[in-house]
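Here is a guided read through a two-chain model, written for someone who likes to check each statement against the coordinates. Have your viewer ready and follow along.

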Amino acid sequence: MNEQKVNELNAVKARQLDAARPDAVAKVHGGGKLTARERIAQLLDPDSEVEYGSIAAVDPDGMGRGWIAEQGGVDFVGTVDGHTVIASSTDYTDRGGGYGAARLERLIGLAYQHRWPMVLFVDGGGSRARHPRVGLGHIETSGPIGRFQLFDGMAELSGWTPTVAIVSGPSYAGHASIAAFSDFVISTPGSSIGMGGPPMVEAALGITVTPNELAGAEMHEVTGGIDLLAADEHEAIAAARRYLSYLHDTDPGPAHPEAAAIAGLVSDEGPYDMVPVIEALLDHDTFMELRTAFARSVLTGFGRIDGRSVGVVASQPLVEGGRIDESAAVKINRFVELCDSYHIPLVILVDSEGCVTSWPNPDELDGSAIVEPGVNRYHQRVVTTHQHRRVDAVVVEIGKARGMTLHVMAGSLNARTIPLQHLAWPTKEIGHVDGYSNLRNVNAVDDVIDPAETRTRIARLLAHLPDRVAVRASETAKRHPVDTW
Amino acid sequence: MANIDSSSTFLNSRSGRQLSEDPRQQIIDARADAWAGCPRARPRIEGLVDPGSFVEYGLLAGRTSDVDDDGPSDGLVGGVGEIDGHPVVTAALDATVVEGTLSERNQRKLGKLLYLAITNRWPVVLFVEGAGARRDDPLPPPPIVQYTRARWDVLDGLAELSGWAPTVAVVTGDTLDAGVAMAVACDTVVGVAGASLGGTPEGGGQSALRPVEDHALRGDVDAVVDDDGAAISWVQTYLHHWFGTPGDGRTSDRHDTVASIVPDNRRRPYDMARVVEAVADADSLLELGARRAKGMLTYLGRLGGIPVGFFANQPRSPRAGAIDAAAADKAARFVELCDAYELPLVSFVDNPGYMVGPDAEREGIARHHARPLSALHHRTVPLYTVQIRKAYGLGPFAMSGYGSSRGMPTLRLSWPSVESGGMSLEGAAYLVKRREIREASSPEEARRIRDDYAEDMRDVASGVRAGRTYSFDDVVLPEETRERIISMLRRWHRVLPDSKKHPVDGR
């Protein structure tokens, strides 16, 4: 072969690497961040990465006037802990990280065909700003039949294969959509996710806002817009790797040092913190809590029992007596859909004072709500989700399960959704308590157990479930998408 | 428990009738007593179903098992009837009998009826009122929240029906706790003016009740009507869409106005309801969620006599038709409802994009916006879409799905007034002329700079270009729209799939 051609190719490729653009790299590092390539290198197992579109170029105005190297992002297939993962990162140094939709669509096609998880670093302002007359223009009526485009592709992946978005900068419009469609969204402080960036807001509303005032990660952490706020990109990448690890079982890990003393973590005297109870139930140091600052009266997260991945849904008696408001119902609903999609059995710990509804307070301009006892469609939709889930659940009633809370947390305990086992601790409240039932019959559970037995009990039950890989292999279609809210 | 041998001494506590010694007469009397009970529930059911069609279940099932029981039909009248010949399961709670409370027995009755609805794919209409679970129920716990094994309980049954056959709750009076749970477990909730929904604090105390109008604002009640009669005809009209009952297909008198609704001035709002009314069959529209998210209109209606669902942006709304979190939820739920019950969708699109700004973000638009996109993508019913004016950013996708793959509309039309782009012209003006606009001497001057640029950038022939680029299947005149959609709609045949596609999301 003509050596010159190979050299030319290598030269072109070399121009794409960080080493060829020290100024851009210095700028990224100066902001305390990683370059697109560094992010991928840190995410994937060493020497596992295969690049796609390394020298892709774009025709910026669609007029054929000249092609320029597409540095808006990098795309790879590689492995995380030995399991295949697709990884893509926008590159904010290149014209604001506008994505080349065609490249992501290619990756989505691969993810769909192979059911490979995707990790997407999405910071940027959406599709590239172009002259409005030649830009996105009129939406095209059709593309290649059956081929996924960016957003329908993301919608199709939802519930079929896991998607993780890492947002460590401003992320607006289409970028925010990619995050919205992702199962798991990790942000870093100072980043923002919004439908329109500050210039759009200024144009639409005539107000000037900073990205943080507009849609900062700290706001999203409280309102449920993200699943996890990580300290920086390193921690975000570690969290993504950890999240993906729960798709696979491992060898049994050691029990928590407090495992035998779990009963002592529950107080008869008043509210207690459920987090240590969860940790004592799981393999040591395996609890990964999601949406920690949102709807804090319920807890959701992943963990392991004897190495088997589980999704934990638990009341948090410490916060509002574990009452379930609209946000708490939303938090449970999405988590149950997530676990159902990816075959992660549920462990449900119930100790809740009841369901409540929130109403705007006309006397308070700060948006604070009036909270009243009651249920609405937010609660009901979780019951419906449980009714249609197929993944198993072990239910442990610890204390109160007032009103409709047991249904919202665990589903109707009848028919399609019977728990693998419905357990109670001796602390379970029985008797006439509220306007939902007049009597709680202790015979309604499968067994009342010593709290110290719970971990072993759940481990034994989980051992009866079919292997996740076999279940996945048997599926020809997804169960359902994971609701973005 | 009553002693049967000495039963002749019992008097029915309501009618005062003495128990006959003839078993046949005993039943005749007991029935008469039961029929005389539930004076609120029975007329509602009689009004809903065809005369003579009602087969009652559990007429004699009482509050107690006593021969002289004082709780006729245990406060819940239920059975199977027909609406214009179509079977429907219906039940009504009666607040005059033990405060309309839910008991083990009346919920067992309802569970049985829901079983019939599930196995036969019959719709369910529940008239709901009352104080929730019965606190002094002498029987085991009511299955509305607790369970007895091996059969559908009520919440299960309603959740199971979601997306399989329509369920409608009519809130006829003050309803508390588990009664509310039952109502909101239905796909569709109709509130009768004057009725309220609420909850009771733990440990008892004053219940918090709010009128159905408040719940409609929040999206937990889909329609508020004046009285029982209006509720019944609303439900009948609603269910005829599920039955697939053809309409007469008459063109509306307002169709003549269709070409003059959209103002020449591209920035002037107009009432999208007029467009829907002009295009839909005469007198065919039934609005859902009229009080919620006013930027998004949703209706069941007919086109050429065929039942369809319409959803449309409302430019004449506080956020000018921009899709906010509530509007996105409303659209997503409506698409799911129509898809589950196999009703084709027709959308009228005119939005400046998704809502932006700190308020919209706090409401969660960055996540909620994906819900209609997902609902449209996963639907299988045909979608016919008409782009009327603005199509900017991702907004149009929320109304008309994507270009290809699973979400492609059957027909994508636009009107000559269409304009589209990655962002609005005014938005583009801000990006390009930001500095000039900021440094303008007055707000008026800033607006003039923006508008001049927008006008300069405006594609004066955007309608033609929409056709040239094959962005739409056709660019039609407004007056041609109705016939064009009907023509394609007639070639579609409604076939209910053998299994449930998906439940209908309550939110």
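In chain A, helix α12 (residues 326–341) lies across strands β12, β13, β14 and β15, and runs at about 25° to β13(A). Everything here belongs to a predicted model, so please treat the geometry below as computed from it.

**The sheet in chain A**

The strands under α12(A) are part of an open sheet of 7 strands with mixed pairing, in the order β12-β13-β14-β15-β18-β19-β20. Its edges are β12 (288–290) and β20 (447–448) of chain A, each of which pairs on one side only. At the β12(A) edge, the neighbour is β13 (residues 298–305) of chain A, antiparallel and joined by 3 bridges. A:Leu290 has A:Thr300 in β13(A) as its bridge partner.

A second helix, α11 (residues 274–281) of chain A, lies across β13, β14 (308–315) and β15 (346–352) of that chain, at about 160° to β14(A).

**The two chains in outline**

Chain A contains 16 helices and 20 strands, while chain B contains 18 helices and 17 strands. The C-alpha atoms of chain B fill a box of roughly 95 × 50 × 40 Å along the principal axes. The table sets out burial and contact range for each chain.

| Chain | Residues | Buried | Contacts joining residues at least 24 apart, among those at least 6 apart in sequence |
|---|---|---|---|
| Chain A | 485 residues | 54% | 71% |
| Chain B | 507 residues | 58% | 72% |

As for confidence, chain A has a mean pLDDT of 88, with 88% of its residues at 70 or more. One stretch calls for care: over residues 128–139 of chain A, pLDDT stays under 50, although the model has 33 contacts there beyond four places in sequence. Where pLDDT is low, the predicted coordinates should not be read in detail.

**The nonpolar core**

Which residues have the most contacts inside the largest nonpolar core? They are A:Ile186, A:Ile348, B:Val170 and B:Val235, in a core of 269 residues. Helix α9 (residues 325–340) of chain B gives the largest share of this core, with 11 residues. In soluble globular proteins, nonpolar side chains tend to be buried together.

A:Ile348 is a good place to look in detail. Leaving out residues up to four places away in sequence, A:Ile348 touches A:Val313, A:Ala393, A:Val395, A:Val396, A:Met409 and A:Ala410.

B:Val235 takes us to helix α7 of chain B, where it is one of the buried residues, along with others including B:Ala231, B:Tyr238 and B:Trp242. This helix covers residues 228–243, so 16 residues, and reaches 22 Å from its first C-alpha to its last, close to the 22 Å expected at 1.5 Å a residue. Just after α7(B), B:Gly244 takes a positive phi of about 80°.

**A covered strand in chain B**

Strand β11 (296–303) of chain B has 8 of its 8 residues buried. On one side are B:Met296, B:Thr298, B:Leu300 and B:Arg302, and on the other B:Leu297, B:Tyr299, B:Gly301 and B:Leu303.

β11(B) pairs with β10(B) in the antiparallel sense over 2 bridges, and with β12 (residues 306–313) of chain B, also antiparallel, over 8 bridges. B:Tyr299 takes part in both pairings: its bridge partner in β10(B) is B:Glu287, and it stands opposite B:Phe310 in β12(B). β11(B) and β12(B) make a hairpin with 2 residues between them, and B:Gly304 in the turn has a positive phi of about 60°.

**Positive phi outside glycine**

B:Ala293 has a positive phi of about 45° although it is not a glycine. It is found in the loop between β10 (286–287) and β11(B), and counts as buried because 23 other C-beta atoms lie within 10 Å, where 20 or more are needed. B:Ser73 also has a positive phi, near 50°. B:Ser73 is found in the loop between β1 (55–57) and β2 (76–83) of chain B, and is buried with 29 other C-beta atoms within 10 Å.

**A contact between the chains**

B:Glu426 is placed in helix α14 (residues 425–432) of chain B. Is B:Glu426 buried or partly exposed? B:Glu426 counts as partly exposed, because it has 19 C-beta neighbours inside 10 Å. B:Glu426 touches A:Ala203 as well as B:Arg450 and B:Ala454, not counting residues up to four places away in sequence. B:Glu426 and B:Arg450 are 24 residues apart in sequence and 6.1 Å apart in space, C-alpha to C-alpha.

Methods
Residues numbered from 1 in each chain as written. Chains lettered and ligands numbered in written order. Core = buried A, V, L, I, M, F, W, Y, C linked by C-beta atoms within 7 Å. Buried ≥ 20, exposed ≤ 12 C-beta atoms within 10 Å, placed from the backbone. Helix = DSSP H or I, 4+ residues; strand = E, 2+ residues; numbered from the N terminus. Contact = placed C-beta atoms within 7 Å. pLDDT = per-residue confidence, 0-100. Pairing = 2+ DSSP bridges. Axes fitted to C-alpha atoms, helices over the stretch in contact; angles between N-to-C directions.
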